[in-house]
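Visitor: Before we look, could you show me how to read a model of a protein beside DNA?
Guide: Gladly; let us take one feature at a time.

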Amino acid sequence: MKVKEIKNGLLLEDIQHFEAKHIFECGQCFRWKAEEDGSYTGVAYGKILNVKSDAEKGTVVLNNTNRSDFEKIWYSYFDFGRDYGKIKEVLSKDEVLKEAIQHGQGIRILNQEPWEIIISFIISANNNIPRISKSIDRLSEMFGEPLECAGKNCYSFPDATQLAKADIEQISLCGTGYRYKYIYQTARMIAQGEVDLDRISELKLEEARKELLKLPGVGPKVADCIMLFAMQKHDSYPVDVWVKRVTEHYYIHQEVSMKQIQEFARDKFAGLAGFAQQYLFYYARGQKLK
DNA sequence: AAACAGGAACCAC
DNA sequence: GTGGTTCCTGTT
């Protein structure tokens, strides 16, 4: 990878396995919005960034950033230190995944902030992506810090302290439905240090899940998402309806319990289960698999 | 306009 | 620990 400074940003060259659409639309994040020119704009770690990828040229343009933030934030955020070619090579031994990877070849698993991901996925329970995004935007507008930018959506995601001292009635105005209580209670538990996210991040999958399940609004699926998208637990295999459908349809050939799906994934994909899950999820949604 | 989509909590058993 | 029901809101 080559990093060149350009006006107001960076040009990355010799990039493989990176497509903005695949990355931002594979269900792992909610704050990145598609622009008319095919780029995406979003907020993470309190910074606004615009991303445009060109798979043919092998380039990525990062707008509104600099070399220092790239090294501090975005290199890790976009998981540039990982060899996706190797992951794909291993997973492609399976015919279904080979096909799925062709559809989502530019997927990468972002390294997101645990706190934001916890709240985002509490909101995701029994919900759909447009509504989840809207709720997160409203939470940020109401309780986050304003960021310098030209358009809309320019607020950082509020931290746990900010939400813990918020009026619970105000949280309920963010379109989160009955989940507002969970958001508030979880914020309080974390703000008060009752739950230590850094500590949980260090634990192994099963132990970390047990801890995360103590948070109100966090069940098995949400815990698995938090671990995969914000705690680098790449052996996590979150099973939502789409992943359940795609796993049953292509591998098990009958309806089974959530537990059986997870056992299957653990045996079949082992440490790469999380990557397999992302390729399969994106594939299933693209196929509108029923 | 009624039906549907989507995970967790909660309560029986 | 498993199964059924309810929670809220945007879309069809």
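**Reading the contacts with DNA strand B**

Guide: Keep in mind that this is a predicted model. To begin with a single contact, a polar side-chain atom of arginine 131 lies 3.1 Å from a base nitrogen of DNA strand B.

Visitor: What lies 2.7 Å from an N or O atom in the side chain of tyrosine 178?

Guide: It is again a question of which part of the nucleotide is approached, and for tyrosine 178 the partner is a base nitrogen of DNA strand B. Arginine 245, by contrast, has a polar side-chain atom 3.1 Å from a phosphate oxygen of DNA strand B. Two or more residues of the surface near the strand come from each of helix 12 (220–230) and helix 13 (241–252).

Visitor: How many residues surround DNA strand B, and which are the closest?

Guide: A residue is counted here if one of its heavy atoms lies within 4 Å of the strand. By that reading 19 residues surround DNA strand B, the closest being Asn126, Tyr178, Gly217, Val222 and Asp240. Of the strand's atoms that come within 4 Å of the protein, sugar and phosphate account for 60%. The residues of this surface divide into 10 nonpolar, 4 polar and 5 charged.

Visitor: And how should I read the pairing of strand 1 and strand 2, parallel or antiparallel?

Guide: Look at the direction of the strands and then at the bridges: strand 1 (residues 2–6) and strand 2 (residues 9–13) run antiparallel and are joined by 5 bridges. One example is lysine 4, whose bridge partner in strand 2 is leucine 11. The hairpin has 2 residues between its strands, and asparagine 8 takes a positive phi near 65 degrees there.

Key:
Residues numbered from 1 in each chain as written. Chains lettered and ligands numbered in written order. Predicted model: local features only at pLDDT ≥ 70, side-chain atom pairs only at ≥ 80, totals over all residues. Heavy atoms only, no water. Polar contact = N/O pair within 3.5 Å; in protein donor to acceptor, adjacent residues only side chain to side chain. Helix = DSSP H or I, 4+ residues; strand = E, 2+ residues; numbered from the N terminus. Nonpolar A, V, L, I, M, F, W, Y, C, P; charged D, E, K, R; others polar. Pairing = 2+ DSSP bridges.
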